[in-house]
Amino acid sequence: MLRLQSVSKRYGRGDWILRDVDVEAPAGEVVAFAGGNGSGKSTLLRIAVGLSRPTRGTVAARPPVVGYVPDRFSPQERMSAAAYLTHMGRVRGLTTSVASARAGQLLDRLALVGGKHAPLRSLSKGNAQKVALAQALLVEPGLLVLDEPWSGLDADAHGVLAEIMTEVAASGGTVVFTDHRESVTRARATRTYTVGKGRVSLQGPEPWTTEQRPASDVVLTAGRDGRVPQGLAWEKLDGVLAVSRNVTGVKVRVGRESTDALLFTALQHGWSVERVTETTTDHHRTPNAATNGDMR
Ligand SMILES: Nc1ncnc2c1ncn2[C@@H]1O[C@H](COP(=O)(O)OP(=O)(O)OP(=O)(O)O)[C@@H](O)[C@H]1O
């Protein structure tokens with residue numbers, strides 16, 4: 001949970017960057033801020049995590065453990081990713097052995113390329129981003145705040161990031177992220193705010209017709225053990241509109257409002273999320289059609 005009440009921000013005597021902003025980010029939700037460059041998204045997130053103070057207004061109900069991934073993480077350290085994360089884990093109250101084990105698990109899951117023991121300054125932007133993400137997850141956050149998290153990450157890491165966001169929300173945490181593309185925020189978030197000209201407004205329901213509603217295409221593949229999990233009746237899950245299967249996995253079209261629940265169920269059953277793309281239900285297609293075959 002996080003609540004911003006009548007928050008306004010200006011740097012020194014400069015222009016107002018944010019004016020009278022009210023935001024409600026409930027537990028269990030993934031909340032997005034969409035807006036162009038310079039609209040104030042990063043400023044809003046820094047206020048949300050407590051790194052910057054609002055000039056006016058208040059931030060309430062911030063959970064005690066906050067994970068924050070800034071928009072840029074380009075450390076010039078000789079220290080390795082493993083050493084850095086172990087150190088950060090200790091700062092966060094973990095013992096050295098727990099911090100080191102947790103760091104190893106997270107870097108494996110995010111598939112850090114270049115090696116856990118390479119100097120941080122030698123990592124590419126995307127791999128540095130993975131270290132920043134791992135740092136935010138060393139202790140399970142009640143609030144996970146991610147500034148443009150999709151930028152720089154490779155396709156595999158996109159799937160892992162989607163899983164992580166779903167897991168944090170599903171275990172009662174709050175996830176907040178920014179992106180300048182509304183297509184991304186709409187596909188990934190349970191609620192989206194638009195940021196522009198200092199104002200932040202909650203996006204209402206889309207003006208979809210009954211024939212054409214927002215939906216997601218979720219591509220799921222075998223879990224980490226390589227086995228395709230069985231025994232899940234996709235067609236019976238809430239919001240499922242169509243299912244297609246092939247040897248490596250399954251593609252499920254699901255109403256946007258049911259996407260998070262479907263992802264959570266899939267993860268619980270051992271599936272890996274390969275891709276989630278936004279789409280719409282289309283009156284030229286037959287809803288509820290369960291087909292076998294091509295997943296492209
Ligand atoms: N520390 C600072 N001091 C003065 N002005 C700042 C500071 N940080 C940000 N600004 C200004 O506040 C405005 C909003 O910046 P912010 O980084 O929050 O936008 P953003 O929406 O995250 O942009 P982008 O998508 O380009 O990262 C910009 O005009 C920026 O120049």
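**Exercise 1.** In this predicted model, is Lys197 buried or exposed?

*Solution.* Start with the neighbour count: Lys197 has 10 C-beta neighbours inside 10 Å. The cut-off for an exposed residue is 12 or fewer, so Lys197 counts as exposed. Next, place Lys197 in the chain: it lies in the loop between strand S8 (191-196) and strand S9 (199-202). Finally, look at the backbone, where phi of Lys197 is near 50°, a positive value in a residue other than glycine. Most residues other than glycine have a negative phi.

**Exercise 2.** Now try Glu148: is this residue buried or exposed?

*Solution.* Count again: 20 other C-beta atoms lie within 10 Å of Glu148. A residue is buried at 20 or more, so Glu148 is buried. Glu148 sits in the loop between strand S6 (143-146) and helix H5 (155-170). Its phi is near 50°, again positive in a residue other than glycine.

**Exercise 3.** Work out which strands stand at the edges of the sheet.

*Solution.* First write down the strand order of this open, mixed sheet: S5-S6-S7-S3-S8-S9. Then look at the edges: S5 (66-69) and S9 each have a single partner strand, so one side of each is left without a neighbour in the sheet. For a pair within the sheet, take S6 and S7 (residues 174-179), which run parallel and are joined by four bridges. There, Val145 stands opposite Val176 in S7.

**Exercise 4.** Find which helix gives the largest share of the shell around the ligand.

*Solution.* List the shell; among its residues are Gly40, Lys41, Ser42, Thr43 and Asp71. Then compare with helix H1 (residues 41-49), which supplies the largest share, three residues. H1 also packs on the sheet, and its direction makes about 160° with that of S7.

Terms used: Residues numbered from 1 in each chain as written. Predicted model: local features only at pLDDT ≥ 70, side-chain atom pairs only at ≥ 80, totals over all residues. Helix = DSSP H or I, 4+ residues; strand = E, 2+ residues; numbered from the N terminus. Near = placed C-beta within 6 Å. Pairing = 2+ DSSP bridges. Contact = placed C-beta atoms within 7 Å. Axes fitted to C-alpha atoms, helices over the stretch in contact; angles between N-to-C directions.
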